[in-house]
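This report describes a ligand site and the strands beside it in the account below. Please look at the sequence and the structure before reading on.

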Amino acid sequence: MRILSGIQPTGQFHLGNYLGALKHWLKFQDRDNECFYTIVDLHALTTVHDARTLRQNIRESKIAMLSIGLNPEKSTLFAQSQVHAHTQLGWIFTTLTPLGELERMTQYKEKAKQALKNNGVNAGLLTYPTLMAADILLYNPDYVPVGEDQKQHLELTRNIAEKFNKTYGQIFKIPNPMIYKETARIMSLQDPAKKMSKSLGPQHYIGLFEDESSIRDKIKKAVTDSEKEIKYDPKNKPAISNLLAIYSGVTDKPIKDLEKELEGKSYADLKSSLADAVVAHIAPIQQKYAEFTANFSFVERAFETGAEKARTETEKVMELVSQKIGLE
Ligand code: TYM
């Protein structure tokens, strides 16, 4: 199978990114699929306008991707800006996409609201999903592993593919999102009604490269629910269910087994076991991060080779697209 996914280089990855998406990228890689994983640095430009910050974030994201176990021998790893076909096809897709559909996107509405408070809403925030559709469709993937928050963008991508195929002739395969139920939406540690994200503030998320004491402290201070029972019930016990989802994600134990193990235990016990499990799971990733940081030229080469492969792949598709739409 062909797999494609992407992540924005907007600073340190957190457990939401990792458990909702990145960890599943690894599973596909290790089952002999043809995987393309990209750092979507052009998407990051919709919110980051400082060159030093962006450069640093891209660098750290490249190191992080290798540190979690993505292997450049098995997966094609590249930065979106290294492959120009993404912007080319993205533009073509904007000409096929009704404005209303872009204005309806939840992520756009949220980000636009935020942007209004700062520098105003740039047009890139609106056309974000057409570039994302290009990221995906250029590689004709069967599956796109993402967290729940990207589902709407995937639906739009499918619509764009269908519209293109209908207007110009069949080129694009209709991709399927791959969303894993229990980790589809890792929630904030302080407000389990909101998804974990860095924009909520430092107490709301756990960064993959945070130090142990800070991780333990954040888990200790995580909000819990009323009553005492440790039970997975997202509707009535959202905070405890979220902690169980994270626990299951970092141990690969089914939530049912964890509930049994923790029967009769207190919320404090749950938090302390969870903190141990998180720290144990990410320690080797942090170790690798230090190693790859010291050997950044290896990381750069891996992304250069990946980008070369991605360019070859996309050139064929763009030739066909150009022909179909009348550019040659
Ligand atoms: P981004 O960079 O915000 O997040 C990367 C991945 O992490 C998932 N994720 C979560 N999953 C569960 N719980 C959470 N709290 C959580 N927070 C983030 C996201 O769903 C995503 O899978 N638009 C995309 C990037 C993108 C892309 C693509 C993805 C651009 N082009 C092509 C797939 C294919 C985004 O902003 O993800």
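How many residues surround the ligand, and which are the closest? The ligand is surrounded by 27 residues (each with a heavy atom within 4 Å of it), and the closest are Q8, Y128, D135, D149 and I186. This is a predicted model, in which local features need pLDDT of at least 70, side-chain atom pairs count only at pLDDT 80 or more, and totals for chains, interfaces and linings use all residues. Residues are numbered from 1 along each chain as its sequence is written, and side-chain values use heavy atoms, with hydrogens and water left out.

Three pairs of N or O atoms (a polar contact is such a pair within 3.5 Å) are listed here.

| Residue | Part of residue | Ligand atom | Distance |
|---|---|---|---|
| Q8 | backbone N or O | oxygen | 2.8 Å |
| D149 | side-chain N or O | oxygen | 2.4 Å |
| I186 | backbone N or O | nitrogen | 2.8 Å |

On its own, the ligand has 710 Å² of accessible area (Shrake-Rupley method, 1.4 Å probe), and the protein covers 95% of it. At least two residues of the shell come from each of strand 1 (2–7), helix 1 (15–29) and helix 7 (123–137).

Strand 1 runs parallel to strand 2, and six bridges join them; G6 has T38 in strand 2 as its bridge partner. Together with helix 1, these two strands make a right-handed β-α-β unit (clockwise from the first strand over the helix to the second, with the strands pointing away from the viewer). Strand 2 also pairs with strand 3 (residues 75–79) in the parallel sense, over five bridges, and I39 has A79 as its partner there.

Conventions. A polar contact is a pair of N or O atoms within 3.5 Å; within protein, one must be able to donate a hydrogen and the other to accept it, and residues adjacent in sequence count only if both atoms are side-chain atoms. Helices (H or I, at least four residues) and strands (E, at least two) are DSSP runs, numbered from the N terminus. Two strands pair if DSSP finds at least two bridges between them.
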